[in-house]
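Me: I have not seen this structure before. Please take me through one of its sheets.

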Amino acid sequence: MRSRLFLKIYLTLLASLAAVAVASAAFVWLGQGEEESSWESQRARFVTALIPPDTDPRSVEATLTRFSRAFDADIAVYDPRGKLIASAGRPLPPDIVERPWHHGGGRFHTMVTELPDGRAVAARMERPFRPAGRNPLAYLALIAGVIGLAAYPVVRHLTRRLERLRGGVDAWGRGDFVARVPEDGSDEVAAVAKSFNKAADHVERLIRSHRALLANASHELRSPLARLRMAIDLYEEAPDESRKQEIVRNLAELDTLIEEILVASRLDHVERLDAAESVDLLALVSEEGARNGVEVSGTPATVTGDARLIGRLIRNLMQNALRHGGPPVTATVAQAGSAVELRVRDHGPGIPDSESARVFEPFYRPAGRSEAAGGWGLGLALVRQIAERHGGAVRYETPQGGGACFVVTLPVHTA
């Protein structure tokens with residue numbers, strides 16, 4: 001399994017090289033035959049022009065002698081019946097004309113050229129035309145072999161990266177959520193590795209967030225449940241209105257906490273808003289301010305988003321200021337360029353700068369705050385999630401004069 005892909009790619013490459021080599025060899029062989037035939041025809045006409053049929057034997061012999069000396073060859077001319085007309089150099093075998101082309105065992109070879117007039121010219125010489133053993137197919141095989149060897153490390157490198165990628169995916173599938181794969185290179189394999197790592201980061205973050213949410217939610221649910229159980233026991237022993245109201249308050253706290261957990265979980269899985277619309281932010285802030293007793297001011301501004309979620313964002317900020325800050329609590333809306341800013345300020349003790357970023361973590365409990373006093377729940381964590389889902393952000397500022405100020409920035413609505 002490990003080398004299957006490598007073998008497929010490498011054997012496919014070798015098979016392609018072999019096919020190209022065979023096809024090239026066939027082409028060269030066919031072309032060589034045509035070239036040889038054409039060369040023999042040209043050679044016969046050339047020799048006929050040098051030794052015309054009506055040339056007397058003495059002149060023929062003189063011509064052969066010059067060629068014999070020039071090429072260091074043994075040459076003879078025969079008439080159409082195979083009778084020797086003239087020769088130069090050492091005598092040739094009697095049956096030379098019956099063997100048009102013969103490679104001897106030594107360093108000589110003989111060839112016979114039939115002239116158009118029926119005569120034949122035989123020559124025996126050393127092999128001056130080309131190196132011994134030259135074969136186009138051998139050269140093609142050599143080239144294919146070199147390419148095959150050179151391709152081996154390339155194919156092995158490619159498949160090894162794929163094997164590492166597969167190993168990372170397998171490890172991740174077995175539950176090793178911190179497993180990542182190398183992102184070497186800039187090709188498609190690297191792109192797949194980057195996509196996998198990005199998806200793995202996202203899933204790991206979701207799993208870690210859900211685990212923390214589940215652990216914190218379980219812890220936070222214990223307090224109202226314990227109070228509710230105690231209030232029910234006391235109410236059964238001695239029913240009165242104050243104990244009944246205590247039961248109602250604990251039930252409302254449980255209901256709010258469970259609703260926030262559900263909203264936080266849903267926002268974790270949402271990339272885009274389902275029902276985005278234009279929202280009059282100042283009107284929405286004024287409505288929540290009237291409901292919570294918070295003074296609201298500012299200029300009209302419209303944003304795009306889910307009015308229900310933005311309303312929860314505003315409500316969480318105001319209730320957080322009322323619960324953990326100090327009066328008076330104010331809210332202002334203002335447009336700044338292409339963004340709209342919502343500021344909710346209280347005049348309480350404020351938040352230390354070292355903890356200003358952590359207040360947006362789910363169920364964050366500030367340093368020195370007792371367990372009985374409780375943490376900050378999911379309120380500010382939901383504010384951050386809702387703001388980010390709307391393309392905005394939230395930050396904490398320490399205003400002059402003390403207190404705490406949370407600033408939410410949302411993109412202004414564009415038609």
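The questions below concern a sheet in a predicted model.

Me: In what order do the strands of the open sheet of five strands stand?
Reply: The sheet is open and its pairing is mixed. Strand E7 (295–298) and strand E11 (393–397) each have a single partner strand, so they stand at the edges. Read across, the order is E7-E9-E10-E12-E11.

Me: By how many degrees are neighbouring strands of this sheet turned against each other on average?
Reply: The figure ignores strand direction. On average, the turn between neighbours is 20 degrees.

Me: Which residue stands opposite Arg-395 in E12?
Reply: E11 pairs with strand E12 (residues 404–411) in the antiparallel sense, over five bridges. The two form a hairpin with six residues between them, and Gly-401 in the turn has a positive phi of about 95 degrees. Within E12, Cys-405 is opposite Glu-397. Opposite Arg-395 is Val-407.

Me: How many residues of E12 are buried?
Reply: E12 also pairs with E10, in the antiparallel sense over eight bridges. One of the residues bridged there is Asp-346, whose partner in E12 is Ala-404. E12 is largely enclosed by the rest of the structure, because its buried residues number seven of the eight.

Me: Which helix lies across E7, E9, E10 and E12?
Reply: Helix H6 (residues 281–292) lies across E7, strand E9 (330–336) and strand E10 (339–346), and runs at about 165 degrees to E7. The helix that lies across E7, E9, E10 and E12 runs at about 25 degrees to E10 and spans residues 307–324: H7.

Terms used: Residues are numbered from 1 along each chain as its sequence is written. This is a predicted model: local features need pLDDT of at least 70, side-chain atom pairs count only at pLDDT 80 or more; totals for chains, interfaces and linings use all residues. Side-chain values use heavy atoms; hydrogens and water are left out. Two strands pair if DSSP finds at least two bridges between them. Helices (H or I, at least four residues) and strands (E, at least two) are DSSP runs, numbered from the N terminus. Axes are lines fitted to C-alpha atoms, for helices over the stretch in contact, and angles run from 0 to 180 degrees between N-to-C directions. Contact means heavy atoms within 4.5 Å. Buried means under 20% relative accessible area, exposed over 50%, partly exposed in between (1.4 Å probe, protein chains only).
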